[in-house]
Amino acid sequence: MPPLFSTLGLSETLLKSLAALNYTTPTPIQQQAIPAVLFGKDVLGIADTGSGKTLSYALPILQCLQEEKWTMQSRHVPVLVLVPTRELAVQVETVFNEVSAGLPEKVRTMAVFGGVSINPQMIGMQGVQVLIATPGRLLDLIGSKAVHLGEVKMLVLDEADKMLNLGFQEEMDKLLALMPRKRQNLLFSATLNNAVNEITRLVLHKPEVIQVTTGPQEITLIKQRAFRVAPERKGPYLRHLIQSRDMQQVLVFTASSHSADHVADKLRKHGIDAKATHGKKSNHARQEALAAFKAGKLRVLVTTDLLSRGIDIEFLPYVINYELPRSPKDYVHRIGRTGRAEHPGEAFTLVTPEDQPHFKVIQKKMGQWLTLEGTDDEDLKGF
Ligand code: ADP
Ligand code: MG
C-alpha cells in the first residue's frame, strides 16, 4: 500500500485541503521531499516531468508559513520561488492558491514577471509571503525598492537546471547575493546537467538529494514515435498527422518564434484552428493563447521551448516536435508536457534527413532508441 498524505507530517488543515482537491496519495517525490523540507533540510529533488514536484515544495512551505509566524520587515518576503517563464509563474501561483484556499489563515501569494506594467506589482508587494518570480522582473522590483530579499527564509528554484544555466547566470548571481546566507534551499528539476556539484556548491548546504527518476526507458506513459520526413513534406505531414488521427488538442514545438508563427499560419490556412505563442508575443497574447489551449478551446498551440518547461496541461494527449530542440534535455521536457499524472500521451517527432545526426545525439542522451518510420509512401495529397 502506498502511504497516504497523512503520514508525511502535514497539518490537519492541509490534509483537508488536499482531500477536498481529491489528492489522496502522494507521488514518490512528494513522499520523500515533503518530510525533508519540513525537517528544514536543503533539498535537491530530481523527478520526472509530471510527477508532482510543485506540491513537493508548496505543501511543506505552506505548512511552515502556518507554523512559523515569521515577523518580516516591510516589503521583505519570507518565501521566494524562482521560475524561468511567465507562464510557469502563473501556474505555480495557482497551485499555491488552490491548496491554501482552505487554510484558516490566508497566505498571501504573488506572481511577478515581465511584459506587464510594473506598478500594480510594486503596490501589491506589501505583506506578500510567497513571491513567485522570473529573475529579470524581480531585479527590477528590487531596484525600485518594492521588495527586499534580505530576510528570505526559503528559496525554491523550480526547473533548477534551467535557472542555474548560462542564460540566467548573471541575474541569479545578483539575486543570490541579496539573500541571507542562512536560508533553506529547495531545488527541483526533471533533468540536471552534469553540474550537480556545481549547483550544490553554488546554492545548497548539505542537501538531501532525492532522485526518483525512473530512467528514460520507464517513461512508459509517453508513447514516442519518430518519422523521417523530407523537408518540403513537413507541413503537409503535420496536417496529415493532426487530421488523420483527429487530434483535438495538440502542442506543436518549433525551433524558433518565426517558425512557430509560420506553422500556425499554415495550419489556419488549411482550416485547422491554431495559434502560435512564443517570447516575441505580448504577455497578454501569451497568457490568452495558453489559457484557451488549456481550456480545450484551441485545437493546436504552436510554440518554442518557451513552453517546454513545467507547463501542466491536464490530459494533453499529443505533443509533436515539428522541429528538433537544440538541447537533448529540452526533448525530455517537451514530450513531458504529455503523459502527466498517470495519464498516457503520445509524442511524435518529425526528423528530416539533415536532422538525423542530431536526433541520434538526443536519443543517445536519453538512452533510448526509436525506430525512424518512413513516410515517403504516405499520400499527402489534400493536406
Ligand atoms: P512536475 O512539476 O513534476 O512536472 P506538477 O507539479 O506540475 O509536475 O504536477 C503534474 C500534475 O500532477 C498536476 O496536474 C498535478 O495536479 C498532479 N498531481 C500532483 N500531485 C498529485 C498527487 N499526489 N495525486 C494526483 N495528482 C497529482
Ligand atoms: Mg514542475
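How many nonpolar, polar and charged residues does the shell around ligand 1 have? In this predicted model, the shell holds five nonpolar, eight polar and four charged residues; Ala, Val, Leu, Ile, Met, Phe, Trp, Tyr, Cys and Pro count as nonpolar, Asp, Glu, Lys and Arg as charged, and the others, Gly among them, as polar.

Ligand 1 is surrounded by 17 residues (a heavy atom within 4 Å), and Y23, T25, G50, T54 and D312 are the closest. Helix α3 (residues 53-68) supplies the largest share of this shell, three residues; helices are DSSP runs of H or I with at least four residues, numbered from the N terminus. The table lists polar contacts of ligand 1 (pairs of N or O atoms within 3.5 Å).

| Residue and atom | Partner | Distance |
|---|---|---|
| G50, backbone N or O | oxygen of ligand 1 | 2.7 Å |
| K53, side-chain N or O | oxygen of ligand 1 | 2.8 Å |
| G52, polar backbone atom | oxygen of ligand 1 | 3.1 Å |

On its own, ligand 1 has 570 Å² of accessible area (Shrake-Rupley method, 1.4 Å probe), and the protein covers 82% of that area.

The chain is assigned domain 1 (5-212) and domain 2 (216-374), with bounds from an automatic or database domain assignment. Each domain gives at least three residues to the shell around ligand 1. Their C-alpha centres lie 28 Å apart. Between the domains, 19 residues of domain 1 are in contact (heavy atoms within 4.5 Å) with 19 residues of domain 2. About 1600 Å² is buried between them (accessible area lost on being put together, 1.4 Å probe, summed over both), and carbon and sulfur atoms give 49% of this area. On the domain 1 side, T49, E87 and Q91 lose the most area to domain 2, together 36% of what that side buries.

Residues are numbered from 1 along each chain as its sequence is written, chains are lettered from A and ligands numbered from 1 in the order written, and side-chain values use heavy atoms, without hydrogens and water. Local features need pLDDT of at least 70 and side-chain atom pairs count only at pLDDT 80 or more, whereas totals for chains, interfaces and linings use all residues.

Key. Polar contact = N/O pair within 3.5 Å; in protein donor to acceptor, adjacent residues only side chain to side chain. Helix = DSSP H or I, 4+ residues; strand = E, 2+ residues; numbered from the N terminus. Buried area = accessible area lost by both parts, 1.4 Å probe.
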